[in-house]
Amino acid sequence: AEVGKDGIDGLAQALPACVVEGDVRRSVDLLTLVVPTRDAVRGKWRFEADALVSPEDQCSRILIAHPPPEEYGLELTAARRSGDDMLCLGLVAGGRQVILTIDQGSDRGASLAQIDGRPGHETETARPARVFTDSQPVRVLVLVRDSHIRAACGGRVLVDWRGDFSRLSINHIWAVPDENSLLLGSFQSSFQISGVRLVPLRAGD
């Protein structure tokens, strides 16, 4: 079964409450696909029990070798373990990669990097939005569909951008071998990532 228009609209409306709406039978547990010794691009990523832990390196990143469909939702569950900088989620939109930054820098901002070659804090998506305030797990929901990228958590919208996906790119410091796949990253901070779930949506509704 596929998610229809009502389900897609419901997912969009549910973003501020961080509730994932969709066909769970078609969802993909992306963490089960990650092998740190194979997929890590920078830094020593590791599993502790069922959670993926990032190192405190600069621009540490790991590939999620599962190209997403054209339209999809993502649910990320993570907690800060150490450090005071950002967690990154590399998205694919219209065949282009882009980084969703969370808790970036001293202003704890969220943004999409890059748009028109500009870093996230210089784009229209940048906004102060501290997410990881303590060591408790936090859920972030992301929706990619029809020239629209939206992310929210705990009743707050982190990013809400509409535009031509051809404007999107990533800085080479976050590059991974497969430009069609998702990625996770962190900067001088360690995060415990306990869940990354992909919900395919049906395009064209």
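## Overall build

A strand is a DSSP run of E with at least two residues, and strands are numbered from the N terminus. This predicted model has 15 strands and two helices. The protein holds 205 residues, and 52% of them count as buried.

Distant parts of the chain meet often. Among contacts with a separation of 6 or more, 68% join residues 24 or more positions apart. The accessible surface comes to about 8900 Å². Carbon and sulfur atoms account for 45% of that surface.

## Nonpolar cores

The largest nonpolar core contains 44 residues. Leu74, Leu91, Ile149, Leu184 and Ile193 have the most contacts inside it. Strand β7 (residues 87-93) supplies the largest share of this core, with five residues. Another core lies apart from it and has 10 residues, including Leu63, Met86, Ile99 and Leu183.

What does Leu74 touch, leaving aside residues up to four places away in sequence? Its partners include Leu89, Leu91 and Leu30. Val140, Leu141 and Val142 are also among them. So are Leu182, Val196, Arg197 and Leu198.

## Around Ile193

Thr77 sits in strand β6 (residues 72-83). Is Thr77 buried or exposed? Its relative accessible area is 16%, so Thr77 falls under the 20% limit and is buried. Beyond residues up to four places away in sequence, Thr77 touches two groups and makes seven such contacts in the list that follows: Pro137, Val138 and Arg139, then Gln192, Ile193, Ser194 and Gly195.

Asp50 belongs to the loop between β3 (46-48) and β4 (51-53). Its relative accessible area is 69%, which is over 50%, so Asp50 counts as exposed. Asp50 and Ile193 are 143 residues apart in sequence. In space they are 8.9 Å apart, C-alpha to C-alpha.

## The largest pocket

The largest pocket encloses about 220 Å³ of space. It is lined by 14 residues, and those closest to its centre are Gln104, Ala113, Pro119, Ile173 and Trp174. Which strand gives the most to this lining? Strand β8 (residues 96-104) does, with three residues.

By class, the lining has eight nonpolar and six polar residues. It has no charged residues.

## The second largest pocket

This pocket has a volume of about 160 Å³. Its lining includes Gly95, Arg96 and Gln97. It also includes Leu168, Ser169, Ile170, Asn171 and His172. Ala175, Val176 and Glu179 line it too. The classes here are four nonpolar, five polar and two charged.

## Backbone points to check

Three backbone features deserve a look. The peptide bond from Ala113 to Gln114 is cis, with omega near 10°. Ala113 is also one of the residues closest to the centre of the largest pocket. Gln114 is placed in the loop between β9 (109-113) and β10 (127-128).

Asp103 has phi near 65°, a positive value in a residue other than glycine. Asp103 lies in strand β8. Its relative accessibility is 0%, so Asp103 counts as buried.

Gln188 is not a glycine either, yet has a positive phi of about 50°. Gln188 lies in the loop between β14 (182-186) and β15 (189-200). Its relative accessible area is 37%, between the limits of 20% and 50%, so Gln188 is partly exposed.

Key:
Residues are numbered from 1 along each chain as its sequence is written. This is a predicted model: local features need pLDDT of at least 70, side-chain atom pairs count only at pLDDT 80 or more; totals for chains, interfaces and linings use all residues. Side-chain values use heavy atoms; hydrogens and water are left out. On a 1 Å grid over the protein atoms alone, a cavity is a set of points where a 1.4 Å probe fits but cannot get out, and a pocket is an open set with protein on both sides within 12 Å along at least five of seven lines; lining residues have an atom within 4 Å of a point. Grid points are joined across faces, edges and corners, and a volume is the space filled by probe spheres set on the points. Helices (H or I, at least four residues) and strands (E, at least two) are DSSP runs, numbered from the N terminus. Ala, Val, Leu, Ile, Met, Phe, Trp, Tyr, Cys and Pro count as nonpolar, Asp, Glu, Lys and Arg as charged, and the others, Gly among them, as polar. Buried means under 20% relative accessible area, exposed over 50%, partly exposed in between (1.4 Å probe, protein chains only). Contact means heavy atoms within 4.5 Å. Accessible areas come from the Shrake-Rupley method with a 1.4 Å probe; for residues, only the protein chains shown count as cover. A nonpolar core is a set of buried Ala, Val, Leu, Ile, Met, Phe, Trp, Tyr and Cys residues joined through side-chain atoms within 4.5 Å.
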